[in-house]
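Here is a friendly briefing to read alongside the model. It walks through a helix, some charged pairs, and the spaces inside and on the protein.

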Amino acid sequence: LSKIIRRPTTMNFLILLVLVSPPAATAWIPPRRPLRPPTSSPAVAPLWSPLDLTAEPPGLPPLPPDDLLRLYTSQPDLWPVELFAIMYRADADGTLLSVRDASNGTAQWGLGSGVPAVRWAPSWHAPPTGYVRSDPPRQIEAQRFPTFGGENSWTYDRIEATGEAGGDPDLEAAAGRLRNALRDVLAAEQPRTPWDEARISAVRMALENECGLAAVRGTLRTTGLFGGGGAVTLDWEGMAARARVYALLPQMPSPLPHPNTSAEELRRELRDRPAVIEREGRDPHCDVHGRVYTHISTANVSNTIMAVYLCLDLTGWPETKELPALDAGGHQTGRREWKSLEDLKVLDVHGRIATEDPKQIFISGYVVRELVRENIIPRRGIQELQ
């Protein structure tokens with residue numbers, strides 16, 4: 001675990017430690033840069049790195065007492081937790097990622113493997129297939145979300161994954177081993193800050209319950225690797241040791257639409273959002289507290305999440321050149337494609353970490369950049385330039 005949590009070494013972070021209380025830190029990966037104030041030119045996207053999102057650097061508006069992330073930090077079981085699989089192949093020419101079209105319209109490409117363990121759903125709706133309401137029940141008011149902006153609030157219920165077990169003993173064995181390995185890694189963590197403790201606790205609580213196993217199973221099922229008749233032999237314990245947990249803060253619609261808003265209106269809001277943000281003089285890249293948006297979101301309030309990233313190295317697997325895009329239940333929803341890190345705006349044409357805004361190209365662009373920096377996802381055949 002010494003490679004998982006290290007003492008920060010950059011001068012920026014040392015300065016931040018002096019200026020901010022509590023100090024910024026993250027679970028499973030060290031911070032690299034302090035939070036930045038909103039850019040003076042919204043056309044310039046700030047760099048992102050995982051940090052304590054409840055910290056308050058000087059010179060920026062303070063967080064309100066009812067800040068959502070402070071609520072989640074004080075009650076970690078309220079955090080939506082989602083697992084993602086990142087499949088990659090590396091060779092002498094570079095690294096390719098398995099992605100699919102982002103069907104929700106927020107970007108061109110996405111991982112297509114996210115499966116929530118716990119999330120929010122409107123209180124008056126039946127939980128979607130594969131989910132049940134939490135017992136004991138937990139609830140949150142819509143007005144707790146930063147972009148609410150309305151007069152009459154509504155409520156969301158906490159729901160948990162149940163998943164679909166059975167049918168593939170290889171999948172069940174892999175999911176069990178990976179879940180247990182992730183629990184072991186988390187149990188050995190030694191949080192240094194309240195933020196660290198809350199983030200670790202949120203994921204650990206999910207993995208200790210059936211919803212955690214269901215999410216691991218569903219995430220592995222989305223990869224398309226299982227059910228083909230052959231055994232899937234991967235180092236599940238090593239994968240758990242290299243897993244990373246990031247708190248994701250999305251650019252949300254403002255004001256937050258009611259859950260009964262029609263699909264047509266939601267599509268219109270997403271289409272018109274850039275123009276509305278520009279007209280209102282808001283920064284499209286970070287909130288007024290300097291917290292950088294990791295991705296563009298629909299009206300789904302569960303997209304402010306604690307995300308667990310599992311990296312699957314498929315280098316040398318010829319049978320993975322064409323993979324189906326599956327949902328958590330194993331139903332095909334399209335085809336996957338292999339895209340280079342340059343295509344996805346993770347790297348620039350010179351092989352360096354890209355600096356342009358990746359959000360409209362690749363939903364997970366910021367996250368994969370961080371994984372490349374840490375050499376969790378390699379750059380084979382490309383000289384390390386940053």
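## Helix H4, pockets and salt bridges

Helix H4 (residues 194-208) has 15 residues, which at 1.5 Å a residue should span 21 Å; its end C-alpha atoms lie 20 Å apart, so the two values agree. Please keep in mind that this is a predicted model. The points below cover the buried residues of H4, then the salt bridges, of which there are 20, and then pockets and cavities.

**Helix H4**

- Buried residues of H4 include Trp-195, Asp-196, Ala-198, Arg-199 and Ile-200.
- Further along H4, Ser-201, Ala-202, Val-203, Ala-206 and Leu-207 are buried too.

**Salt bridges**

- Side chains of opposite charge can pair when their charged atoms come close.
- Arg-177 and Glu-237 form a salt bridge through their side chains, with an N to O distance of 2.7 Å. Arg-177 sits in helix H3 (residues 169-187) and Glu-237 in helix H6 (residues 236-241), so this pair ties together parts that are 60 residues apart in sequence.
- How accessible are the two partners? Arg-177 is partly exposed at 42% relative accessible area, and Glu-237 is partly exposed at 37%.
- Asp-101 and Arg-100 also meet in a salt bridge, at 3.5 Å from N to O. Here Asp-101 is partly exposed, with a relative accessible area of 39%, while Arg-100 counts as buried at 11%.
- A further salt bridge joins the side chains of Arg-217 and Glu-210, at 3.9 Å from N to O. Arg-217 is buried, with a relative accessible area of 3%, whereas Glu-210 is partly exposed at 45%.
- Asp-67, Asp-287 and Arg-291 are joined into one network by salt bridges that share partners.

**The largest pocket**

- The largest pocket has a volume of about 1,200 Å³. It is lined by 47 residues, and the closest to its centre are Glu-82, Ser-113, Gly-114, Val-115 and Pro-116.
- Which elements supply at least two residues each to this lining? They are strands S1 (81-91), S2 (94-101), S4 (115-122), S10 (295-296), S11 (305-313) and S12 (324-326), together with helix H5 (210-222).
- H5 gives the largest share of the lining of the largest pocket, with 4 residues.
- By class, this lining has 17 nonpolar, 23 polar and 7 charged residues.

**The second largest pocket**

- The second largest pocket has a volume of about 620 Å³. Of its 28 lining residues, Pro-146, Thr-147, Asp-287, Val-288 and Tyr-293 are the closest to the centre.
- Helix H2 (68-74) and strand S9 (250-251) are the elements that give two or more residues to the lining of the second largest pocket.
- The classes in this lining come to 14 nonpolar, 7 polar and 7 charged residues.
- Asp-287 links two of our topics: this residue is among those closest to the centre of the second largest pocket, and it belongs to the salt-bridge network with Asp-67 and Arg-291.

**Cavities**

- How many cavities of 30 Å³ or more does the structure hold? There are 3 of them.
- The second largest cavity has a volume of about 40 Å³. Its lining is made up of Ala-55, Glu-56, Pro-57, Leu-60, Pro-61, Pro-62, Leu-63 and His-289.
- By class, the lining of the second largest cavity has 6 nonpolar residues, 1 polar and 1 charged.

Definitions and conventions
Residues numbered from 1 in each chain as written. Predicted model: local features only at pLDDT ≥ 70, side-chain atom pairs only at ≥ 80, totals over all residues. Heavy atoms only, no water. 1 Å grid on protein atoms, 1.4 Å probe; cavity = no way out; pocket = protein on both sides within 12 Å on 5 of 7 lines; lining within 4 Å. Points joined across faces, edges and corners; volume = space filled by probe spheres on them. Nonpolar A, V, L, I, M, F, W, Y, C, P; charged D, E, K, R; others polar. Salt bridge = Lys/Arg side-chain N within 4 Å of Asp/Glu carboxyl O. Buried < 20%, exposed > 50% of the residue type's maximum accessible area, 1.4 Å probe, protein only. Expected span 1.5 Å × (residues − 1).
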